[in-house]
Amino acid sequence: MSKKLFCLLLRLSMLFSSIFNIWSVEFEQLEIYSSLAWNIPKSVFQKQDLSLSTLKFTYGSRLLVNPFDLRYYQSLQTPATSVFTPSSSVSTPAWSVLIDGTRLKSPSSKIPFALSFGTLDYSQTISRLKNPQFYSYPSPFSGFPAFNSGLGVVQAQKSASTRPVSFAASYKASGQTVQAAVTENSDLKLAAGFQFQPGDFFKVSMSAGFTTFDLCSKPSTAWKNSEPQFSEAKYCGLYAESVFSVPFFQAKISGGAFSNPFDTARFFVSLESLFHYSGFSLALSSYSSDYSFLKSPAPFYTASGDISKTIRQLKLNPQLTIRPDRYSTFRLGASAILDYSFKEFSYNRNSLQKLNFQAGFSGNFPKDYFNIYYKAQNLVLQEFSGEDCSAHSLFELKTVPSDQKITHTIGAKYTKKFDSLNMSVSAQESFTKDFSAPVTDHTETLSLYLYPKRFPITQASLQASVEHKKTGVTPKFTLGMTTSFLLNKLKFTGKFQVCSALLVEQ
């Protein structure tokens, strides 16, 4: 069925080209791709059974014929001892056809319009509707969030993950974006955005997005019992954001709303700001869902189909960058996020306010790189229970729980490049202490990367690590090789990887 649809869409693509008088079609490149990954878990050595290891073979091709971009990838996973048998698992093909009018060579024939077909994925606006809250463990060197101006259409990838077939159309010109998509599940996605500059030092960006999604309660995520509470139906989500930029300062205001199976609309708002001057920057962000204003609220379902448990978040991220010369850079940064979320949903509801903190220092030189970091995670500041457990303010520190399960991690990484040998070596060490456990876990990792200039191998890597945990010692290694060569306009790419976790007798 998918192959027939692929051929049909390809014919439609050719029809589209003739309609818009695209006669300057030019063959650019054909890539033939294949990869083989062999995963050998520790159980192979424990049970002396090679059939427990798996092989994953991925193959496909990408054809670039201006203005077309055609991709097709397929994966096959099977036990290592039964290749191409009925026990093999074949993934759904990942394929896409892109017609991009902006890629035309002739300036007179370029059009700011694009069409996409296939197993597409979507980011930007759709990502915020799926996961509206901030990431709970932000990097100390994270940047200011990008402006989400559209659906973020992603063509078929070599990972060949399963996605529904969809059709997307995009128009981008003069700071304006309009996009629409429809999937085989009858889901509709819309997005529009524009940018303008009312003054020499003032820039405004605005966008909005809309999506529909299927939702059905599951026994594992039910609100008060283990039985489904509502039948499957289609719901919708709406998202909007505005970014204001002036010299040394940026502010982003965003919010969204969802229809809900419990006959009440749910919403969230977030405010993100960034002050930057010379090498110093300070980012301050906050997130709040309507849990904060409701007593005994019903679950908050997002476009991912999952329940969001986040009530409020507050994030702080200062950074300092020093450049002693044009080739060297030092960075010092820290990030802290206060997360106020439900611990579980039941008749006896309870919530937690916890703090996650990270700090790091790094140096980047022409042939050397290092970083040192520290993490403190799951520091519980307060625990609430009862019907109003979501209505408390942040930093409401009455009694800090004594039975903390804080996790401290300290680590360092150093990378050295050897240009004469086309090689780089990286060493990493980390120590993790969970105060609920008497043993400190630590991991040592050594990585070697080679970049030969001669065929057939264009890149090779070897990574070896040893994990020391209370359950034992686990050595691991990963060997990878890549070959790639270009013959006129024909490109061949092949990858091979072996990943194994060894058995160590205790």
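Which residue meets Lys252 in a salt bridge through its side chain? The partner is Glu241, and the N to O distance is 3.5 Å. This pair joins distant parts of the chain, with Lys252 in strand E14 (residues 249-258) and Glu241 in strand E13, 11 residues apart. Both Lys252 and Glu241 are buried.

Welcome to the structure. Please keep in mind that this is a predicted model.

## The chain as a whole

The chain has 506 residues, and 40% of them count as buried. Its secondary structure consists of three helices and 28 strands. Among contacts with a separation of 6 or more, 56% are between residues 24 or more positions apart. The accessible surface of the chain is about 26900 Å², and carbon and sulfur atoms hold 61% of this area.

## Salt bridges

The structure contains 11 salt bridges. Here are three of them, including the pair from the opening.

| Residue pair | Closest N to O distance |
|---|---|
| Asp187 and Lys234 | 2.8 Å |
| Lys252 and Glu241 | 3.5 Å |
| Asp290 and Arg266 | 2.8 Å |

Let us begin with Asp187 and Lys234, whose side chains meet in a salt bridge. The two residues sit in distant parts of the chain, 47 residues apart: Asp187 is in the loop between strand E10 (176-183) and strand E11 (188-199), while Lys234 belongs to strand E13. Asp187 is buried because its relative accessible area is 9%, below the 20% cut-off. Lys234 has a relative accessible area of 38% and is therefore partly exposed.

Next come Asp290 and Arg266, which also form a salt bridge. Asp290 is found in the loop between strand E16 (280-289) and E17, and Arg266 in strand E15 (residues 266-277), so this pair ties together parts that are 24 residues apart in sequence. Asp290 has a relative accessible area of 2% and is buried. Arg266 is buried as well, with a relative accessible area of 1%. Elsewhere, Arg62, Asp69 and Arg71 are joined into one network by salt bridges that share partners.

## Nonpolar cores

In soluble globular proteins, nonpolar side chains tend to be buried together. In this model, the largest nonpolar core has 21 residues. Which of its residues touch the most other members? They are Phe213, Leu215, Phe258, Phe268 and Tyr291. At least two residues of this core come from each of strand E12 (202-215), strand E13 (233-246), strand E17 (300-301) and strand E20 (328-344). The most are given by E20, which provides three. Apart from this core lies another one of nine residues, including Phe68, Trp95, Val97 and Ala169.

## An enclosed strand

Strand E5 (residues 94-100) is a good place to look next. Seven of its seven residues are buried, so E5 is largely enclosed by the rest of the structure. Ala94, Ser96, Leu98 and Asp100 point one way from this strand, Trp95, Val97 and Ile99 point the other way, and all of them are buried. Trp95 and Val97 are also among the members of the nine-residue core.

What are the pairing partners of E5? One is strand E3 (residues 68-79), which pairs with E5 in the antiparallel sense over six bridges. In this pairing, Leu70 stands opposite Val97. Another is strand E6 (residues 113-118), again antiparallel, over five bridges. Here Ser96 of E5 stands opposite Gly118 in E6.

## Cysteines and a buried glutamine

How many disulfides does the structure hold? The number is zero. Two cysteines can be described by their surroundings. Cys389 is buried, as its relative accessibility is 1%. Cys499, in contrast, is partly exposed, with a relative accessible area of 30%.

A last stop is Gln353, in strand E21 (residues 350-364). Is Gln353 buried or exposed? Its relative accessibility is 0%, so Gln353 counts as buried. The C-alpha atoms of Gln353 and Ser393 are 9.8 Å apart in space, and the two residues are 40 apart in sequence.

Conventions
Residues numbered from 1 in each chain as written. Predicted model: local features only at pLDDT ≥ 70, side-chain atom pairs only at ≥ 80, totals over all residues. Heavy atoms only, no water. Helix = DSSP H or I, 4+ residues; strand = E, 2+ residues; numbered from the N terminus. Buried < 20%, exposed > 50% of the residue type's maximum accessible area, 1.4 Å probe, protein only. Contact = heavy atoms within 4.5 Å. Areas by Shrake-Rupley, 256 points an atom, 1.4 Å probe, with all protein chains shown as cover. Core = buried A, V, L, I, M, F, W, Y, C linked by side-chain atoms within 4.5 Å. Disulfide = S-S within 2.5 Å. Salt bridge = Lys/Arg side-chain N within 4 Å of Asp/Glu carboxyl O. Pairing = 2+ DSSP bridges.
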